[in-house]
Amino acid sequence: MRRWLAAGIVTAALLAGCADGAAPVMGQAALEAVTLASSDGRTLAIRDLQGKPTLLFFGFTHCPEVCPLSLVKAVQIKRRLGPAAEHLQVAFVTVDPQRDTPAHLRDYLAAFDTTFLGLAGDEGGTRAIAESLGVSYRRVGEGDLATFEHTASWFLLGADGQLQDVYGYAMSEQAIVDSLRRRLAVTGG
């Protein structure tokens with residue numbers, strides 16, 4: 001009896017959270033519906049990146065190692081791709097939107113490549129987009145010293161906005177370049 005009562009209370013609490021009629025946006029719907037502020041002044045959803053393949057990374061600008069090294073890797077990948085790199089966009093979604101404003105993202109990313117696009121949203125929207133791609137992250141600490149544990153993979157979205165591939169942090173630049181060459185050839189890039 002207690003188990004049924006506890007389950008009923010949890011169910012009622014969950015339903016009360018949706019009482020306003022706004023169900024959480026998840027999966028592909030999050031990529032299409034959640035809007036982000038971009039470092040180039042636009043407001044867009046991930047679906048708006050359609051038109052050319054996109055390498056998408058989730059990180060934060062105060063990251064001491066993984067994020068800057070991943071961005072350096074993206075610079076090297078674009079260089080190795082040569083002219084084919086013109087058919088690839090790189091986007092960095094911050095998991096720390098409190099500190100990473102679009103203007104801050106623009107300045108930070110310009111140190112790597114001025115064509116890299118920074119994206120910042122609210123906590124709920126960012127989490128919905130991240131979870132739709134299997135990205136996890138969590139804040140460690142508070143204030144200016146806070147850091148984040150996060151998935152450190154690149155996600156390749158095709159020109160149609162669909163997930164095409166995932167490149168792990170330890171994957172070599174050359175292996176990613178080889179995969180991208182095949183993918184870009186298939187999409188005409």
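The following conversation goes through selected side-chain contacts and one helix of this structure.

Reader: What kind of model is this, and how are residues numbered?

Author: This is a predicted model, in which local features need pLDDT of at least 70 and side-chain atom pairs count only at pLDDT 80 or more, while totals for chains, interfaces and linings use all residues. Residues are numbered from 1 along each chain as its sequence is written, and side-chain values use heavy atoms, with hydrogens and water left out.

Reader: How many aromatic pairs are there?

Author: The count comes to 7 aromatic pairs. Rings of Phe, Tyr and Trp (for Trp, its six-membered ring) pair if their centres lie within 6.5 Å; planes under 30 degrees apart count as stacked, over 60 as edge-to-face and the rest as tilted. One of the pairs is Phe 57 with Trp 154, which is tilted, at 4.9 Å centre to centre and 45° between the planes.

Reader: Which parts of the chain does that pair tie together?

Author: Phe 57 lies in strand β3 (residues 54-59) and Trp 154 in strand β8 (residues 154-157), so the pair ties together parts that are 97 residues apart in sequence. Helices (H or I, at least four residues) and strands (E, at least two) are DSSP runs, numbered from the N terminus.

Reader: Are Phe 57 and Trp 154 buried or exposed?

Author: Both Phe 57 and Trp 154 are buried. Buried means under 20% relative accessible area, exposed means over 50%, and partly exposed lies in between, with a 1.4 Å probe and protein chains only. Phe 57 and Trp 154 also belong to one aromatic cluster with Phe 92, Tyr 108 and Phe 112.

Reader: And what about Tyr 137 and Phe 148, how far apart are their ring centres?

Author: The ring centres of Tyr 137 and Phe 148 are 6.4 Å apart and the planes stand at 55°, so this pair is tilted. Tyr 137 in strand β6 (residues 137-140) and Phe 148 in strand β7 (residues 147-150) are 11 residues apart, and the pair links distant parts of the chain. Both Tyr 137 and Phe 148 are buried.

Reader: Which charged end sits over the ring of Tyr 137?

Author: That of Arg 127, 4.0 Å from the ring centre. A charge sits over a ring if NZ of Lys or CZ of Arg is within 6 Å of the ring centre and within 35 degrees of the ring normal. The charged end of Lys 73 likewise sits over the ring of Tyr 169, 6.0 Å from its centre.

Reader: Changing topic: which residues of helix α5 are buried?

Author: In α5 (residues 123-132), Gly 125, Thr 126, Ala 128, Ile 129 and Ala 130 are buried. The helix is followed by Gly 134, whose phi is positive, near 85°.

Reader: How many salt bridges are there?

Author: The count is 10 salt bridges, each being a side-chain nitrogen of Lys or Arg within 4 Å of a carboxyl oxygen of Asp or Glu. Among them is the one between Asp 96 and Arg 139, at 3.6 Å from N to O.

Reader: Where do Asp 96 and Arg 139 lie?

Author: Asp 96 lies in the loop between β4 (89-94) and α4 (102-110) and Arg 139 in strand β6, so the pair ties together parts that are 43 residues apart in sequence. Asp 96 counts as buried at 0% relative accessibility, whereas Arg 139 is partly exposed at 29%.

Reader: What about Asp 107 and Arg 106?

Author: Asp 107 forms a salt bridge with Arg 106, the closest N and O atoms being 3.9 Å apart. Asp 107 is exposed at 53% relative accessibility, and Arg 106 is partly exposed at 43%.
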